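Please look at the sequence and the model below, and follow the text with the structure in view. The paragraphs go from the surface to the spaces inside and end with the backbone.

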Amino acid sequence: MTIRLSVPWFGYHDSNGAMFSIFVRNYQWYGMPAVGFMQVLNPAPTTPDQFHYYQHHPILTAWVSALFSSVAGLNEVSMRMVSILASMISITAFYVICRRLYGARVGWWGAAFYAASPMIAYFGRMSNHELLTLMFLMLFTCILINWLRKPSRVRWWALLIFGILAVWTAWAALFFIALFVLLTLWIGSRAQRQAMIVLGGLTVLSVIGLVAFYQAQWSGTIADLIEVFIWRSSPTTLRRGSQSFTMLE
């Protein structure tokens, strides 16, 4: 993952690296309070009334990248290292998941196949949402296995924290959490089922809270989110004004 680590953002799939670098640079230029801790896409210096806010994805990857860059400097190496470190942790966590369920031998094979998958081997060094999300979800699953075997309050709180961190990194993590809520309703004890329902509800509330935070910082957030889903229901990807298709179509 560290081959050609410092190459500029001109390669295939590097547009997200450039985008996150813009977010971080704007934090450095204006200060996070001045941009409302939001993701601002303006590539050149501008005034607050001209900020182009981006809220189509959760905020946490931008914040983590900004934190890492404040220590290591804003460059391609520091931006890629966020994803590389997240990938390494998720590989390790996936080994632990397989080992706890099926033993060390399957753990090693599982980790090897996980690391060799395109999502990790190819995309694992790219500045993006998914790698950080996978890290939080794999850690969530590690704890869930032990919690199902021997529940404790500390483990439940750890599950809640990693669940919220995951959905604050990518919206789709909410479906992953929902799957494990259903799993616990099937195999868990009565107390575990109740605890997991509460956890699922709090995770949903955290997503609503994130959208509310976006809306409070920029009044056009909800209207823009609705528009982007309608705009993308089209056979022409990422183009405004294209004809949408119906649910049946």
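Why does V198 count as partly exposed? The model you are looking at is a predicted one, and in this model V198 has a relative accessibility of 45%. A residue is called buried under 20% and exposed over 50%, with partly exposed in between, and therefore V198, at 45%, counts as partly exposed. The place of this residue is in helix α9, which covers residues 190-217. V198 also belongs to a nonpolar patch on the surface, which it forms with L202, V204, L205 and I208, and the accessible area of these residues together is about 410 Å².

One member of that patch, I208, leads us on to a pocket, since I208 is also found in the lining of the second largest pocket. The volume of this pocket is about 190 Å³. Besides I208, the lining is made up of W171, A172, L174, F175, V207, V211, L225, I226 and F229. If you trace these residues along the chain, you will find that α8 (173-187), α9 and α10 (221-231) each supply at least two of them. By class, the lining divides into 10 nonpolar residues, with no polar and no charged ones.

From an open pocket we can turn to enclosed space. Rolling a probe the size of a water molecule over the atoms shows where empty space is left. The structure holds one cavity of 30 Å³ or more, and about 40 Å³ of space lies in the largest cavity. Around the largest cavity stand T61, S65, M79, V82, S83, A86, S127, N128, L131 and L132. Two or more residues of this lining come from each of the elements α2 (60-72), α3 (76-102) and α6 (130-149), and α3 gives the most, with four residues. Here the lining has five nonpolar and five polar residues, while charged residues are absent from it.

Finally, consider the backbone at two places outside the helices just described. H13, which is found in the segment before α1 (15-30), has a phi near 70°, a positive value in a residue other than glycine. Because its relative accessibility is 37%, H13 counts as partly exposed. F37, in the loop between α1 and α2, has a phi near 60°, which is again a positive value in a residue other than glycine. F37 has a relative accessible area of 36%, and so F37 is partly exposed.

How values were computed: Residues are numbered from 1 along each chain as its sequence is written. This is a predicted model: local features need pLDDT of at least 70, side-chain atom pairs count only at pLDDT 80 or more; totals for chains, interfaces and linings use all residues. Side-chain values use heavy atoms; hydrogens and water are left out. Patches are made of residues with over 30% relative accessible area and no salt bridge: like charges are joined within 9 Å, nonpolar side chains (Val, Leu, Ile, Met, Phe, Trp, Tyr) within 5 Å. Accessible areas come from the Shrake-Rupley method with a 1.4 Å probe; for residues, only the protein chains shown count as cover. A salt bridge is a side-chain nitrogen of Lys or Arg within 4 Å of a carboxyl oxygen of Asp or Glu. Buried means under 20% relative accessible area, exposed over 50%, partly exposed in between (1.4 Å probe, protein chains only). On a 1 Å grid over the protein atoms alone, a cavity is a set of points where a 1.4 Å probe fits but cannot get out, and a pocket is an open set with protein on both sides within 12 Å along at least five of seven lines; lining residues have an atom within 4 Å of a point. Grid points are joined across faces, edges and corners, and a volume is the space filled by probe spheres set on the points. Ala, Val, Leu, Ile, Met, Phe, Trp, Tyr, Cys and Pro count as nonpolar, Asp, Glu, Lys and Arg as charged, and the others, Gly among them, as polar.
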